[in-house]
Amino acid sequence: SLGPPAALLLGHRDFGLARYAEAERWFRQAALAWRGSASAPEGIEAQLGDYAEWYLAQSLAAQKNYEAAAETLADFPGNYPDGLLTDNAVEKRAAWLLEAGQAEKAIESLQAFRPAEHRPALLVVLARAYEAAHQLPQAAETYQRVYYGYPVNGEAATAAGGALARLETVLGENLPKVSTARRLARADSLY
């Protein structure tokens with residue numbers, strides 16, 4: 001049996017060649033080796049467990065198994081609170097839950113991850129989850145937080161601005177109001 005680093009490497013090779021089922025097998029082997037076994041790797045090898053789980057989830061999603069991909073990342077923030085991939089894992093998990101038709105679960109997942117409150121990309125996914133759950137005022141409010149609070153975050157602010165324009169036509173007068181001070185603060189940030 002190969003060690004976890006070798007399994008991770010072989011999984012990465014198969015993933016790069018779009019052989020996702022084979023990659024899944026290798027990443028699963030590597031992830032299981034790093035998940036709390038008595039003979040878990042130490043040192044630098046121990047720091048690769050999050051990559052094994054991340055790529056395992058990616059290989060499942062590539063096979064359109066979004067529910068399993070999301071479940072693979074369910075404990076990621078708790079297992080790797082300071083990991084480089086944690087924000088990405090939370091974002092992808094919520095997006096895959098949306099793909100699996102589980103908007104409420106995506107909302108719960110993002111609300112449970114406290115740093116999401118200050119991460120524009122995660123706020124955009126939260127707003128999309130609110131939309132999918134037909135909670136349009138909450139979606140608009142969350143998009144407004146991104147659009148007005150993070151105007152120089154290009155991709156997130158652009159997505160939020162487009163969504164707000166769309167929601168304005170749907171909600172009309174029910175669109176949450178934005179204060180003049182908030183509008184001016186956005187303008188100040190841009191210029």
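Gln58 counts as buried, since its relative accessibility is 16% and the cut-off for a buried residue is under 20%. I should state at once that this is a predicted model, and every value I quote is to be taken in that light. Gln58 sits in helix 3. Leaving aside residues up to four places away in sequence, Gln58 touches Phe15, Lys92 and Trp96. Two of these names will return when I come to helix 6.

Let me now place this residue in the chain as a whole. There are 11 helices and 0 strands, so the order of elements from the N terminus on is α-α-α-α-α-α-α-α-α-α-α, given that helices and strands are both assigned as DSSP runs. Along the principal axes, the C-alpha atoms fill a box of roughly 65 × 30 × 30 Å. The chain has 191 residues, and 40% of them count as buried. As for contacts with a separation of 6 or more, 52% of them join residues 24 or more positions apart.

I turn to the N-terminal part. Gly11 belongs to helix 1, residues 4-16. How buried is Gly11 in terms of relative accessible area? The value is 0%, and Gly11 is therefore buried. With residues up to four places away in sequence not counted, Gly11 touches Ala23, Trp26 and Phe27. One further distance concerns Ala30: this residue is 19 residues from Gly11 in sequence, and the two C-alpha atoms are 8.8 Å apart in space.

Next, helix 6, which covers residues 86-99. Its 14 residues, at 1.5 Å a residue, should span 20 Å, and the end C-alpha atoms are indeed 20 Å apart, so expectation and model agree. The buried residues in this helix are Thr86, Ala89, Val90, Arg93, Ala94, Trp96 and Leu97. Why do they lie on the same side of helix 6? They cover an arc of only 165 degrees around the axis, which puts them there. Among the elements that cover these buried residues are helix 3 (49-62), helix 4 (66-72), helix 5 (76-79), helix 7 (103-112) and helix 8. Trp96, one of the buried residues of helix 6, is also a contact of Gln58, the helix 3 residue with which I began. Just after helix 6, Gly101 takes a positive phi of about 75 degrees.

Helix 8 may be treated in the same way. Its 13 residues should span 18 Å at 1.5 Å a residue, and its end C-alpha atoms are 18 Å apart, which agrees. Is helix 8 mostly covered or mostly open? Helix 8 is mostly covered, with 10 of its 13 residues buried. These are Pro120, Leu122, Leu123, Val124, Val125, Leu126, Ala127, Ala129, Tyr130 and Glu131. The cover over them includes helix 6, helix 7, helix 9 and helix 10.

Two residues other than glycine deserve mention for their backbone angles. His134 comes just after helix 8, in the loop between helix 8 and helix 9 (136-149). Its phi is near 60 degrees, a positive value. At 69% relative accessibility, His134 counts as exposed. Lys64 lies in the loop between helix 3 and helix 4, and its phi, also positive, is near 70 degrees. Lys64 counts as exposed because its relative accessibility is 60%.

Finally, the largest pocket. Rolling a probe the size of a water molecule over the atoms shows where empty space is left. About 230 Å³ of space lies in the largest pocket. Which elements give two or more residues to its lining? They are helix 6, helix 8 (120-132) and helix 10 (154-171). The lining residues are Glu91, Lys92, Ala95, Leu98, Ala121, Val124, Val125, Arg128, Asn153, Glu155, Ala156 and Ala159. By class, 7 of them are nonpolar, 1 is polar and 4 are charged. Lys92, which is part of this lining, is also among the residues that Gln58 touches. Val124 and Val125 likewise belong to the lining, and both are buried residues of helix 8.

Methods
Residues are numbered from 1 along each chain as its sequence is written. This is a predicted model: local features need pLDDT of at least 70, side-chain atom pairs count only at pLDDT 80 or more; totals for chains, interfaces and linings use all residues. Side-chain values use heavy atoms; hydrogens and water are left out. On a 1 Å grid over the protein atoms alone, a cavity is a set of points where a 1.4 Å probe fits but cannot get out, and a pocket is an open set with protein on both sides within 12 Å along at least five of seven lines; lining residues have an atom within 4 Å of a point. Grid points are joined across faces, edges and corners, and a volume is the space filled by probe spheres set on the points. Helices (H or I, at least four residues) and strands (E, at least two) are DSSP runs, numbered from the N terminus. Ala, Val, Leu, Ile, Met, Phe, Trp, Tyr, Cys and Pro count as nonpolar, Asp, Glu, Lys and Arg as charged, and the others, Gly among them, as polar. The expected span of a helix is 1.5 Å times one less than its number of residues. Buried means under 20% relative accessible area, exposed over 50%, partly exposed in between (1.4 Å probe, protein chains only). The arc is that of the directions from the helix axis to the C-beta atoms. Contact means heavy atoms within 4.5 Å.
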